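Colleague: Could you take me through one part of this model in detail, and then place that part within the whole chain? I would like a connected account rather than a list.

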Amino acid sequence: MNKFMKIALIEAKKAYSRKEVPVGAVIVKDDIVIAKAYNLREYKQTSLAHAEILAIAKACKKLNSWRLDGCTMYVTLEPCLMCAGAITQSRIKKVVIGALDEKNGVVESIANVFEIKTTTKVEYEIENEEECSKILTNFFKELRDNKSKSS
């Protein structure tokens with residue numbers, strides 16, 4: 001597993017420990033981590049607190065620019081429509097994805113937003129990391145088990 005995807009997975013584990021959907025994101029420029037984040041939708045009570053959005057905000061602040069030219073994002077789960085749009089708008093050059101999201105992913109699963117003709121062309125690759133899929137599977141299994149126990 002790529003060293004930056006390992007960091008994204010550590011971020012996802014932080015989300016898991018907070019009972020958030022375990023997704024982590026890391027943004028790298030010139031082989032240096034400039035931002036990292038994990039899902040905080042439950043904690044912040046906003047649908048905007050996806051790992052990718054939070055990481056983009058941190059990276060923009062760090063670089064003092066909304067343009068993240070030359071940056072690569074490593075994310076443990078395929079981005080949703082909102083996140084893929086934000087990635088495109090922030091001009092991130094490349095996204096490395098750890099696991100596909102068959103229900104909400106718009107890079108390869110239900111659509112490919114990065115293939116739409118826009119000002120910015122985002123490159124991407126799918127790593128299909130077993131550990132990225134496994135943490136999500138475990139999280140949702142635990143959630144279902146807890147719901148059935150409380151019923």
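Modeller: Setting aside the neighbours within four places in sequence, Arg91 is in contact with Trp66, Arg67, Leu68, Asp69 and Thr120. The model is a predicted one, and what follows should be read with that in mind. Arg91 sits in the loop between α4 and β4, and with a relative accessible area of 28% it counts as partly exposed, because that value falls between the 20% under which a residue is buried and the 50% over which it is exposed. Between the C-alpha atoms of Arg91 and Thr72 there are 9.9 Å, while 19 residues separate the two along the chain. The backbone deserves attention here as well, since Arg91, just after α4, takes a positive phi of about 65°. As a rule, most residues other than glycine have a negative phi.

The helix that precedes this loop, α4, covers residues 81-89, and its buried residues are Cys83, Ala84, Ile87 and Thr88. These four span an arc of only 140° around the axis, and therefore lie on the same side of α4. The general geometry of helices offers the background: an α-helix has 3.6 residues a turn, so residues three or four places apart point the same way. On the other side of α4, Leu81 and Gln89 are exposed. As for what the buried side meets, the buried residues of α4 pack against the helix α3 (51-63) and against two strands, β3 (71-75) and β4 (94-97). The strand β4 thus appears twice in this account, as a packing partner of the buried residues of α4 and as the element at the far end of the loop that holds Arg91.

Arg91 can be set beside two further residues with a positive phi. Lys19, which is not a glycine, has a positive phi of about 65°, and it lies in the loop between α1 (3-17) and β1 (24-29). Its relative accessibility is 64%, so Lys19 counts as exposed. Asp31, also a residue other than glycine, has a phi near 65°, and its place is in the loop between β1 and β2. Asp31 is exposed, because its relative accessible area of 52% is over the 50% cut-off.

From Asp31 the chain leads into strand β2, residues 32-38, where Val33 is found. Val33 is partly exposed, at a relative accessible area of 29%. Apart from its neighbours within four places in sequence, Val33 touches Phe4, Ile7, Val26, Ile27 and Val28. Towards His50 the picture is one of separation, for the C-alpha atoms of Val33 and His50 are 18 Å apart in space, with their positions 17 residues apart in sequence.

The start of the chain brings in a pairing of remote positions. Met1 lies in the segment before α1 and is partly exposed, with a relative accessible area of 36%. Its contacts, leaving aside neighbours within four places in sequence, are Lys6, Leu9, Glu129 and Glu131. In keeping with the last two of these, the C-alpha atoms of Met1 and Glu130 are separated by 9.6 Å, although the two residues are 129 apart along the chain.

These local views belong to a protein of five helices and five strands, whose elements run α-β-β-α-α-β-α-β-β-α from the N terminus on. Of the contacts with a separation of 6 or more, 56% are accounted for by residues 24 or more positions apart. The radius of gyration is 15 Å, which agrees with the value near 15 Å that a compact globule of 151 residues would have. Along the principal axes, the C-alpha atoms fill a box of roughly 50 × 30 × 30 Å. Buried residues make up 43% of the 151 residues, and the accessible surface comes to about 8,500 Å², 50% of which belongs to carbon and sulfur atoms. Finally, the protein has 25 positive and 20 negative side chains, and the centres of these two sets lie 6 Å apart.

Terms used
Residues numbered from 1 in each chain as written. Predicted model: local features only at pLDDT ≥ 70, side-chain atom pairs only at ≥ 80, totals over all residues. Heavy atoms only, no water. Rg over C-alpha atoms; globule rule 2.2 N^0.38 Å. Buried < 20%, exposed > 50% of the residue type's maximum accessible area, 1.4 Å probe, protein only. Contact = heavy atoms within 4.5 Å. Areas by Shrake-Rupley, 256 points an atom, 1.4 Å probe, with all protein chains shown as cover. Lys, Arg positive; Asp, Glu negative; His and termini not counted. Charge placed at Lys NZ, Arg CZ, Asp CG, Glu CD. Arc of directions from axis to C-beta.
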